[in-house]
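Subject: A structure for you to look at

Dear colleague,

I am passing on a structure that I would like you to open beside this message. Please keep it in view while you read, since the notes below go through it part by part.

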Amino acid sequence: ADNLSDALKKLKITTTDSTADSLEGCLDCLLQALAQNNMETSEKIQKSGVLQVFANLLTPQSSCTAKVANIIAEVARNEFMRNPCVDAGLIPPLVQLLNCKDQEVLLQTGRALGNICYDSHEGRNAVDHAGGAHIVVDHLRSLCSKTDPASEKLLTVFCGMLMNYSNENDTLQSQLINMGVIPTLVKLLGIHCQNAALTEMCLVAFGNLAELESSKEQFAYTNIAEELVKLFKKQIEHDKKEMIFEVLAPLAENDVIKLQLVEAGLVECLLEIVQKTVDSDKEDDIAELKTASDLMVLLLLGDESMQKLFEGGKGSVFQRVLSWIPSNSHQLQLAGALAIANFARNDGNCIHMVDNGIVQKLIDLLDRHVEDGNVTVQHAALSALRNLAIPVVNKAKMLSAGVAEAVLKFLRSEMPPVQFKLLGTLRMLIDAQAEAAEQLGKNVKLVERLVEWCEAKDHAGVMGESNRLLSALIRHSKSKDVIRTIVQSGGIKHLVTMATSEHVIMQNEALVALALIAALELVTAEKDLENAQLVQILHRLLSDDRSAPEIKYNSMVLICALIGSEPLQKEVQSMAFLEVISKLRSHENKTVAQQASLTEQRLAVES
């Protein structure tokens, strides 16, 4: 301790003409003390005011420069020392040293700057201000192909410095991307894949940068996919695989890179991991299974990569994914169902899958999760069924396979995501299927639940889908029984509210359903239509210049139907509809103009 105090005192009075030997001795003493107790020594160094002296000692000409930089690197390992290093003005001279040729000086300078930048906003700003990142990126470029141990050590330190410099800072990450650091790092990874420390630094740097959209475009022009898959195949340790996964996941969000990863053989690696870990209860294996199967699903989100793996339904990958659905692992069931939902993104695939028995597998999976089931699996299986039900030719096949019955078992669900998918699946199934629409529309339990969900103010999606399904039951069945069921369950007011939706498609669906109600069961619905103030709403829709032509057209059709009811006709007469409608006779849309003439005649006759 006495030696340390002496050394600090000597350094304080050091002027440039003191002998290099006495200076070296003091610096050695500091380094020794830091090695024994870094934190305590750093505190003493800070209190002594020596940091300011260091700024003058950091010159390329001095033989002590590397040692001074090493001391700064050591003290900056402590969080409380980073700002004092910046305040002492150490950053500009350190950045200047990055231009020198001495490898030891470069190494210690890189360490010092990297440690000062670690989790320090001030440190990063100072390095940015002094232009340090530019010089380091240039070094990486020029050293990239050198494989001697000293160069690799330097490359590792520089990568680490850039990583600390840009970590969690979008602005600085963008700056590095604009400097073109990505192709250099990818090249580094390829050349130095045998060097574990350097590889690790590259991976963490990729992980930092890969979150940004602009980086993905640059990555797509490199052979990153190939390099990462090559590296991945060599890994045995869980932690190393995990590191590569952390880079793959954000990169795989880019469609071009998805395809490159598929072509580089990532899928085979993932399937192998699934096979190895599926029956294990070790924590690491469970985590690896989840990551691998999640990544697999992500790769299927790209249209090209998905089609490549589907291979017309004959692909081995597609077949393997099918085998996940009956698995006992919830994680694999989930990934399997999500993968099917992703494969079901075009009609051809959907038709092929339905013809080859996928529906029964999904129904069996849903059946396993009816009682206290896994919500994510329910949601995924329903998503897959909903997508499969989109092509017209699949609807009848899926209905006869019992999909509607399987889906209705989840009416009790209190989970909005499950409710949302359940509604969407039923709506897709009954599209233009009159018999099925009638059957479901007469199901009192279903209709009552829909009416309840039409009021789910906290869940706009569920609310919207419930309204749309109510309307679809009427539109596709055109059945008086269905309309009576909906009237008795209190659904009319929701259809009237739906006519005021901000989405034209929903407004239109509501108006068409209401027109069918007025045409088929006006007496039954009369009271509810009156209470829901339908006539006022129609007046508003027809008066509003922003209403779409089809909304105006269907509103007039509905008015013509409503005047068959005495109380509703009185309302229509009291609201000066003729005035609004006569204006529409000159509407630019021919169909609207024609309907306006017809409606005007009907109203004139009735008045």
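Leaving aside its neighbours within four places in sequence, which residues is Ser 466 in contact with? Before answering, I should say that this is a predicted model, and everything that follows should be read with that in mind. The residues in contact with Ser 466, once those neighbours are set aside, are Leu 423, Leu 450, Trp 453 and Cys 454. Ser 466 itself belongs to helix α32, which covers residues 460-477, and it is buried, with a relative accessible area of 0%.

Next, please turn to helix α12, which runs over residues 170-178 and has Leu 172, Gln 173, Leu 176 and Ile 177 as its buried residues. When you look down the axis of α12, these buried residues fall within an arc of 145°, so they line one face of the helix. The face turned away from that buried side carries the exposed residues Thr 171 and Asn 178. As for what lies against the buried residues of α12, they pack against α9 (121-130), α10 (132-143) and α11 (149-166), and also against α13 (181-191), α14 (196-209) and α15 (213-220).

The two ends of α12 are also worth a look. At its start, a side-chain oxygen of Asn 169 reaches to within 3.1 Å of the backbone nitrogen of Thr 171, while after the helix comes Gly 180, whose phi is positive, near 80°.

You may also wonder how many disulfides a search of the whole structure finds. The search finds zero. Cys 144, for instance, is in no disulfide, and the nearest cysteine sulfur, which belongs to Cys 202, is 8.6 Å away; two sulfur atoms would have to lie within 2.5 Å to be counted as a disulfide. Cys 193 is likewise in no disulfide, its nearest cysteine sulfur, again that of Cys 202, being 11 Å away. Cys 144 is also buried, with a relative accessible area of 1%.

Finally, there is an annotation to compare with the model. An unreviewed UniProt entry lists residues 89-131 and 357-389 under "repeat: ARM". Over residues 89-131 the chain is 74% helix and 0% strand, with the end C-alpha atoms 15 Å apart. Over residues 357-389 the chain is 76% helix and 0% strand, and there the end C-alpha atoms are 14 Å apart.

With best wishes

Note on methods: Residues numbered from 1 in each chain as written. Predicted model: local features only at pLDDT ≥ 70, side-chain atom pairs only at ≥ 80, totals over all residues. Heavy atoms only, no water. Buried < 20%, exposed > 50% of the residue type's maximum accessible area, 1.4 Å probe, protein only. Helix = DSSP H or I, 4+ residues; strand = E, 2+ residues; numbered from the N terminus. Arc of directions from axis to C-beta. Contact = heavy atoms within 4.5 Å. Polar contact = N/O pair within 3.5 Å; in protein donor to acceptor, adjacent residues only side chain to side chain. UniProt positions renumbered as here; feature names shortened; annotations may be inferred.
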